[in-house]
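Welcome! Let's look together at where the charged side chains sit and how they pair up.

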Amino acid sequence: MDSKTDFLSECHQQTRVIHTGYEPDTDIVQPIHLSTTFQREVPEKVGGYTRSGNPNRDILEKKLAMLEQGHEAVAFSSGMAAINAVLEVTLKAGDHVIFPDDCYHGTRALLKNIFSKKNIAVTEVDMTETGNVASAILPATRLIWMESPSNPQLKVTDIEALATLAKKRNILTACDSTFATPLFQHPLQLGVDLVMHSTTKFLGGHSDILGGVVITRHAGDLASLLRLYQNTAGAVPSPFDCWLLNRSLSTFVLRVTKQADNAMEVSSFLSRHPAIEKVYYPGLPTHLNHEVAKRQMRGGFGGVLSILVKGEQQDAIAFIKRLQIVMHATSLGGVESLIEHRRSAEGKMPVSPDNLLRISVGIEHPEDLIRDFTSALKFA
Ligand SMILES: *Cc1c(COP(=O)(O)O)cnc(C)c1O
């Protein structure tokens with residue numbers, strides 16, 4: 001180990017994410033390597049062909065593995081491509097998978113519309129109670145997919161308890177940790193086999209790149225299978241997207257710290273407002289699994305909350321229309337605050353309550369956000 005690696009290993013996440021991966025020769029910032037092919041004479045430097053490996057992607061994967069304290073990060077062209085890769089490499093016909101009743105709607109759609117047609121049984125359970133998962137386990141159960149906090153109801157799963165339960169039964173575990181980010185939660189340290197992020201969200205942070213990643217705890221079969229799947233199925237991120245994401249990661253800790261602080265302020269404010277029926281945010285003491293969240297999340301609870309507006313769907317939508325700076329759009333994790341009527345976005349399988357709004361809190365000044373919410377709620 002050279003002295004820089006030694007020094008870095010003792011540094012904080014915020015420092016390490018800037019200095020991990022790239023060894024500058026003369027440039028301080030890595031150039032974008034657009035070439036799809038590389039000279040055979042230097043195979044140790046590159047994968048030879050960009051689908052198999054690209055200098056921008058290699059550095060991105062090193063940074064992401066470091067952030068999750070994992071062994072290997074495998075980057076994909078979207079969060080969904082990352083989820084699909086996990087399901088493809090872990091499941092075969094005849095297997096059974098358990099997933100959470102509240103989760104990203106794309107995950108549910110992929111399992112129910114695509115994987116269940118390949119003779120893979122899927123069971124949806126409320127994972128806020130570990131016992132519910134225990135009773136859903138079958139002899140054919142191969143994978144438990146978690147998402148904590150979940151999208152959009154911010155349900156919190158006891159990750160360590162589930163990982164322990166699964167290990168006893170020889171079942172693999174994976175956790176979609178997109179909402180928590182590697183700043184506040186480390187599922188690999190809690191015992192899961194794989195952690196997944198939609199890097200489109202907080203890691204990207206600027207609503208301008210799609211991406212996903214799966215990180216393994218160990219070297220071994222799972223890591224090799226994911227690497228094989230990445231290369232052969234080919235849903236890889238472009239060099240430019242990797243470069244943008246590397247750039248985003250330098251400010252990741254600063255941005256997400258601020259987003260979580262703002263989300264806590266907005267949550268507290270809205271939870272006291274008479275026009276709001278309920279606020280879902282794991283940082284609030286009134287949250288159903290606040291104690292579990294406090295135990296397994298460190299330093300913050302993320303930048304997303306959901307609310308139930310008193311009244312019907314039309315009241316919730318009218319409230320959105322009165323907001324000035326908080327914009328009505330899907331997605332989350334960017335520097336700008338967004339709000340969305342979730343049920344309208346869920347397509348043919350809507351599951352969210354019709355007065356539920358999901359809020360992704362940005363890095364604006366919290367007083368400005370609260371002023372925007374205050375005036376939009378005045379006529380509620
Ligand atoms: C957005 C999201 C995904 C899907 O990621 P894409 O990058 O949009 O494909 C998966 N899980 C969660 C929790 C998300 O928020």
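Q: How many salt bridges does a search of the whole structure find?
A: Keep in mind that this is a predicted model. A salt bridge here needs a side-chain nitrogen of Lys or Arg within 4 Å of a carboxyl oxygen of Asp or Glu. Searching the whole structure for such pairs gives 15 salt bridges.

Q: Which residue forms a salt bridge with Asp193?
A: Asp193 lies in the loop between helix H8 and strand S6, and its partner lies in the loop between strand S7 and helix H9, 24 residues apart. Asp193 counts as buried because its relative accessibility is 18%, and buried means under 20%. The partner is partly exposed, with a relative accessible area of 26%. With the closest N and O atoms 3.9 Å apart, that partner is Arg217.

Q: Is Glu291 buried or exposed?
A: Glu291 shares helix H12 with Lys294, three residues away, about one turn of the helix. Their side chains meet in a salt bridge at 3.6 Å, N to O. Since exposed means over 50% relative accessible area, the 52% of Glu291 makes this residue exposed.

Q: How far apart are the closest N and O atoms of Glu340 and Arg342?
A: Glu340 and Arg342 are both buried. They form a salt bridge, with the closest N and O atoms at 2.7 Å.

Q: Which residues form the negative surface patch?
A: Helix H11 and helix H15 each supply at least two of the patch residues. One member, found in helix H15, is partly exposed at 33%. The patch is formed by Asp261, Glu265, Glu367 and Asp368.

Notes. Residues are numbered from 1 along each chain as its sequence is written. This is a predicted model: local features need pLDDT of at least 70, side-chain atom pairs count only at pLDDT 80 or more; totals for chains, interfaces and linings use all residues. Side-chain values use heavy atoms; hydrogens and water are left out. Patches are made of residues with over 30% relative accessible area and no salt bridge: like charges are joined within 9 Å, nonpolar side chains (Val, Leu, Ile, Met, Phe, Trp, Tyr) within 5 Å. Accessible areas come from the Shrake-Rupley method with a 1.4 Å probe; for residues, only the protein chains shown count as cover. Lys and Arg count as positive and Asp and Glu as negative; His and the chain ends are not counted. The place of a charge is taken as NZ of Lys, CZ of Arg, CG of Asp or CD of Glu. Helices (H or I, at least four residues) and strands (E, at least two) are DSSP runs, numbered from the N terminus. Buried means under 20% relative accessible area, exposed over 50%, partly exposed in between (1.4 Å probe, protein chains only).
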